[in-house]
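The following note is offered to a colleague who is meeting this structure for the first time. Its points are numbered so that each may be checked against the structure shown here.

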Amino acid sequence: MINFLWLINLLSALALISAGFLGAGDWRWALGALVSGSLLAGGFFWKRWLANAGFFGLLVCCIYGALLQWPAWQFGLALICSLAAWDLVFFAIRLRPFKDAAASRLPGRHVMQLSLILGGGAGLSVLALNGQFVLGFEAALLLAVMAAVGLAQVIRLLRDRDEPHG
Amino acid sequence: MSRLVILGVAVFSLVILGLAVVRAELLLMAIPLAVYLLSSLYFSPWQPKLEVSRQVSATRVVSGTLVEVRLSIFNLGESIDRIWLEEKLPGGLVLVEGETRLLDSLPSRQSLELNYTVRAERGVYALPVVEVYYSDRLGLVTRRLSYETQDTISVLPKTLRLAHLPIRPPLTHGFNGSIPARRGGPGVLFFGLRDYQPGDALRWVNWRASARQENTLVTNEFQQESAANVGLILDARQESYLSVGQESLFEHAASAAASLAEAFLNAGNRVGLVHYGRYISWTLPGYGKVQRERILNALAQAAPGESQIDRLEYLPARFVPPGSQLVLVSPLLERDLPTLLQLRARRYAVLVISPDPVAFEAKRLPNTQEAHQAIRIARLERQLVLQPLREAGIQLMDWDVSIPFDQAIQAITRGAGRFWAGGL
């Protein structure tokens, strides 16, 4: 199941990005997206870093597409599909050596959780796109403090990441 | 690069770029990525408390036996969304049944089990440290826990029940055994005649011989059977042995040494072992079941290696006194001859069990004219090595390992009395 899902997501992302670039007559970026997609797929079959490179390439394509004034839903959806494909490629790689795990509840749970998270992200994006509100200085300051704390937490987590315990 | 770092860089790059070029689309693109990243961090397990235990069905087995291993992980802390581990089996342990890998989620106060069965070849195997990996539900934050376990499986060589080996070393002990001691005493083998002494049983009086004497009774005397010192020497030099595919000639030699040790100990002898390969290892001579365990443990650890010993003469043969029985298990190299002859000259009774490397390899060669010619030349070369030993009175068994050792040795002891009588 996972092996098909990542491919479907990747093809969807490629279709959205390529359609955008080809519609704007920019075949070079469409080709770049295709190469990035191939790298992402190569990560599943060969080396993991290829998948990272492929995802990064698709992200750059989406950013460039956004700068070219694409419709917001198109690049957003392409990005979400790329993210899902990237996640599922790594999940499929993780499952590969474990025969029993593929038949367990783990893949189903993962897909459900991923759908919820990405659906939540998409929903928030839609809300942000449609909602408008004015921030006062205090609210902006509070947001800045929360951002700083969040950043500190992320850095701490990154530093602790590979430290063995036990 | 870690996925977490890639994602973090992507989110911050989008936010900064969006603010720099004042484009809301870029900020919107950052939202799904940020939600993905934050949810992973939020659900990441921080300090799981796990209890890991490994149970091995047997820690001391004979080669080829199946050993069941059961590894269980009990979660004493919070639920873990994804946990996995892999047992890396040492070479020599072959997985027969079950899985050595496990990936699952582990709720709080529940356990996971990994069951597998391995078949073990001769050797001593230390099962590795248990390394448990766990991550958040999206697999972005991965951590590792290591649990030290001291599980060792000793796999002893297979021993075969051998028929009585009629060795006759010149030197024997006073203890009862099975070796004719060349002196009169309690026994069953006729040894000679002597004058009757008060206390001799009347049934041992030799009436025919007494009839030829005047006023003298003559009594049968029997040969005393005693125990002997036996020094087993196993050649573990890499250059002496061949390995073809999975099969090694050394395994046959180790198994033969184990069978011989058991047979000699069962006969009441005092047996010691020396094996020399990468280093010299010896088990001092002793009796009984404890000594059997010592020798089998030493043989379990024996492995062929590049030898620092160029010639056999550096062997500590003095761990059994001259006049004792030495049993060398070796395919033999040409340069070993002088030392064996020297040992023979020092009154050691020497028995050489020589697994035949030519026969071992010949069965695996193609059936061509060139191969036949090569085998013939190799056989002649081997005969040139073995012949001087026979002439010097050294007992020699040129063993084709395709024949089980017990059958091979039985055929020789039964069919060729000359073999055992030679040189004694």
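1. Helix α2 of chain A, which spans residues 27–45, contributes four residues to a nonpolar patch, the largest share of that patch. The model under discussion is a predicted one. The members of this surface patch are L22(A), W27(A), L31(A), L34(A) and V35(A), and together they have about 510 Å² of accessible area. L31(A), for its part, is located in helix α2 of chain A.

2. As to the chain that carries the patch, the secondary structure of chain A consists of seven helices and zero strands. Along the sequence, its pattern reads α-α-α-α-α-α-α. Taken along the principal axes, the box filled by the C-alpha atoms of chain A is roughly 55 × 55 × 25 Å.

3. The contact between the two chains deserves a separate point. Chain A brings 47 residues to the contact and chain B brings 45 residues. Between them, chain A and chain B bury about 4400 Å², and 72% of this area lies on carbon and sulfur atoms.

4. Which specific interactions cross the interface of chain A and chain B? Two salt bridges are found across the interface. D87(A) forms a salt bridge with R3(B), and the closest N and O atoms of the pair are 3.5 Å apart. In addition, seven residue pairs, with both residues at pLDDT 80 or more, are in polar contact between chain A and chain B.

5. On the side of chain A that touches chain B, at least two residues are supplied by each of α3 (48–67), α4 (72–95), α5 (99–103), α6 (106–130) and α7 (137–160) of chain A. The element that gives the most to this side is α6(A), with 12 residues. By residue class, the side of chain A that touches chain B divides into 30 nonpolar, eight polar and nine charged residues.

6. Over all chains, the structure holds 22 salt bridges. Within chain B, R54(B) forms a salt bridge with E87(B), where the closest N and O atoms are 2.6 Å apart. Because R54(B) lies in strand β1 (residues 50–56) of chain B and E87(B) in the loop between β4 (80–86) and β5 (93–98) of chain B, the pair ties together parts that are 33 residues apart in sequence.

Terms used: Residues are numbered from 1 along each chain as its sequence is written. Chains are lettered from A and ligands numbered from 1 in the order in which they are written. This is a predicted model: local features need pLDDT of at least 70, side-chain atom pairs count only at pLDDT 80 or more; totals for chains, interfaces and linings use all residues. Side-chain values use heavy atoms; hydrogens and water are left out. Contact means heavy atoms within 4.5 Å. Buried area is the accessible area (1.4 Å probe) that two parts lose on being put together, summed over both. A salt bridge is a side-chain nitrogen of Lys or Arg within 4 Å of a carboxyl oxygen of Asp or Glu. A polar contact is a pair of N or O atoms within 3.5 Å; within protein, one must be able to donate a hydrogen and the other to accept it, and residues adjacent in sequence count only if both atoms are side-chain atoms. Ala, Val, Leu, Ile, Met, Phe, Trp, Tyr, Cys and Pro count as nonpolar, Asp, Glu, Lys and Arg as charged, and the others, Gly among them, as polar. Patches are made of residues with over 30% relative accessible area and no salt bridge: like charges are joined within 9 Å, nonpolar side chains (Val, Leu, Ile, Met, Phe, Trp, Tyr) within 5 Å. Accessible areas come from the Shrake-Rupley method with a 1.4 Å probe; for residues, only the protein chains shown count as cover.
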